[in-house]
Amino acid sequence: MRVTDDIRYIGVNDHEVDLFEGQYIVPNGMAYNSYVILDEKTAVMDSVDARFGEEWLANLAGELGSRKPDYLIVQHMEPDHSANIMRFLEAWPEATVVSSAKAFQMMKNFYGSDLSDRKRIVVGDKDTLELGRHTLTFVTAPMVHWPEVFFTYDSTDRVLFSADAFGKFGALDVEDPEGWACEARRYYFGIVGKYGAQVQAVLKKLAGLELKIICPLHGPVLDENLAYYLETYQTWSSYGTESEGIVINYTSVYGHTRQAAEELAELLRAKGCPKVAVNDLARCDMPEAVEDTFRYGKAVLATTTYNADIFPVMKTFIEHLTERNWQNKTVGLIENGSWAPTAAKTMKAMLEGSKNLTLLEPAVKITSALNADSRAQLEQLADALMA
Ligand code: FEO
């Protein structure tokens, strides 16, 4: 598949994976992207998941014709991209592997060799590699989302090979009617979300580059309106508000907390909130709830007191938020408890280390089931959220 006259796509689609990275459902499958640059020297950009080595090598051979690959550039060592390095070297032992010092160390840990007995080039930030017409410049991107990662900029075709950045869930042979952002957002906040500061740092490095095409390691090649993708990454990595709206995340044992969540959603809609997203955390795909909770500027957490703590699914959910550096939000709390409600206190304690959260007081207190008093508190919370 053509990316530019000299750059070809040689990646694969995965419709067999049950959980990507052991935890993310991927109803539309997954793509592991790889590219080859055909110049006086040829350079392969990353490999693919272990199960697709044969298909990938066949794709590569198809593009190379009678030529041989001169370089394999390894931007990221997570096995969905690095698993076929040794297989590549079995097929083409004369090729030179180009990667970062940290990546070569990881190769030793993953695959038993750091390739120091082979042809290899260790590269760092701003190092370049001449292929002929194309000059590649390496841009280190530590912790986006592993420490060894770098991007590669081809100044001839103005192409950025961006490792996992700008990637999304979904195979490339499945039409995604929701467009790029939906599954790119779930991917970003699930996998990269904690590292906003590091993403900001690499976006700063990219600011001076003229870009025509972004080639990520997952998802489609991006070749138009690149400002949109860059701005979206700017918003996500700064934990900004992407969309106006409010997300209500709840857990419910017998339906009373659910009723409170739904009544609050109705109140907010009646007051003109442009979008109210409601997630039953025990039943929804939790990474979807996580992306919603980063997407909107306001969130409500509603749960029950449970074993003198909070309901386990809510506990896990809040951990998903805090470990990803959730910040810059307005937060409403709803607690339910039949004899000693303490859920709001526990949630507050869990959020204590999160930066720049505005907690709306007081928390709504439900004693077993909604009544006139707790409904008045819901009304008050709705007003505070809409203020
Ligand atoms: Fe797509 Fe971080 O591997």
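1. The side chain of Arg67 comes within 2.6 Å of the backbone oxygen of Asp39, and the side chain of Arg67 also reaches the backbone oxygen of Glu40, there at 2.9 Å. These distances, like every value in this note, are computed from a predicted model, and they should be read with that in mind.

2. Arg67 itself belongs to the loop that runs between helix H1 (53-64) and strand S8 (71-74). With a relative accessible area of 34%, Arg67 counts as partly exposed, because that value falls between the 20% under which a residue is called buried and the 50% over which a residue is called exposed. Residues up to four places away in sequence being left out, the contacts of Arg67 are with Leu38, Asp39, Glu40, Lys41 and Thr42. For orientation along the chain, Arg67 and Lys126 are separated by 59 residues in sequence, and their C-alpha atoms are 28 Å apart in space.

3. Asp39, whose backbone oxygen is reached by the side chain of Arg67, sits in the loop between strand S6 (35-38) and strand S7 (42-45). Is Asp39 buried or exposed? Asp39 is buried, since its relative accessible area is 3% and the cut-off for burial is under 20%. The side chain of Asp39 has a polar atom 2.8 Å from the backbone nitrogen of Arg133, so that Asp39 has its backbone oxygen reached by the side chain of Arg67, while its own side chain is paired with the backbone of Arg133. Once neighbours within four places in sequence are set aside, the contacts of Asp39 are with Arg67, Leu131, Gly132, Arg133 and His134.

4. A second arginine that deserves attention is Arg186, which is found in helix H5 (residues 179-192). Arg186 has a relative accessible area of 2% and is therefore classed as buried, whereas Arg67, at 34%, is partly exposed. The side chains of Arg186 and Glu183 make a polar contact at 2.8 Å. Not counting residues up to four places away in sequence, Arg186 touches Tyr24, Ile25, Val26 and Pro27, as well as Phe169, and in addition Asp285, Pro287, Glu288 and Glu291.

5. Two of the residues that Arg186 touches, Tyr24 and Pro287, also appear in the lining of the largest cavity. One cavity of 30 Å³ or more is counted in the model, and the volume of the largest cavity is about 40 Å³. The lining of this cavity is made up of Tyr24, Gly190, Met286, Pro287, Val290, His320 and Arg324. Which helix gives the largest share of this lining? Helix H9 (residues 286-295) does, with three residues. By class, the lining of the largest cavity has four nonpolar residues, two polar residues and one charged residue.

6. Turning to the open spaces, the largest pocket has a volume of about 440 Å³. There are 22 residues in its lining, and those closest to the centre of the pocket are Lys168, Leu172, Gly219, Pro220 and Val221. The lining of the largest pocket consists of twelve nonpolar, four polar and six charged residues.

7. The second largest pocket holds about 340 Å³ of space, and it is lined by 18 residues, of which Thr304, Thr305, Gly337, Ser338 and Trp339 are the closest to its centre. Helix H8 (256-270) and strand S18 (296-306) each contribute at least two residues to this lining, and S18 gives the largest share, with three. How many charged residues are there in the lining of the second largest pocket? There are no charged residues, the lining being divided into seven nonpolar and eleven polar, whereas six charged residues are found in the lining of the largest pocket.

8. As for the chain as a whole, its secondary structure amounts to twelve helices and 22 strands, and its C-alpha atoms fill a box of roughly 80 × 40 × 35 Å along the principal axes. Of its 387 residues, 55% count as buried, with Asp39 and Arg186 among the residues in that class. Among contacts with a separation of 6 or more, 71% are between residues that are 24 or more positions apart. The accessible surface of the chain is about 16100 Å², and carbon and sulfur atoms account for 48% of it.

How values were computed:
Residues numbered from 1 in each chain as written. Predicted model: local features only at pLDDT ≥ 70, side-chain atom pairs only at ≥ 80, totals over all residues. Heavy atoms only, no water. Helix = DSSP H or I, 4+ residues; strand = E, 2+ residues; numbered from the N terminus. Buried < 20%, exposed > 50% of the residue type's maximum accessible area, 1.4 Å probe, protein only. Polar contact = N/O pair within 3.5 Å; in protein donor to acceptor, adjacent residues only side chain to side chain. Contact = heavy atoms within 4.5 Å. 1 Å grid on protein atoms, 1.4 Å probe; cavity = no way out; pocket = protein on both sides within 12 Å on 5 of 7 lines; lining within 4 Å. Points joined across faces, edges and corners; volume = space filled by probe spheres on them. Nonpolar A, V, L, I, M, F, W, Y, C, P; charged D, E, K, R; others polar. Areas by Shrake-Rupley, 256 points an atom, 1.4 Å probe, with all protein chains shown as cover.
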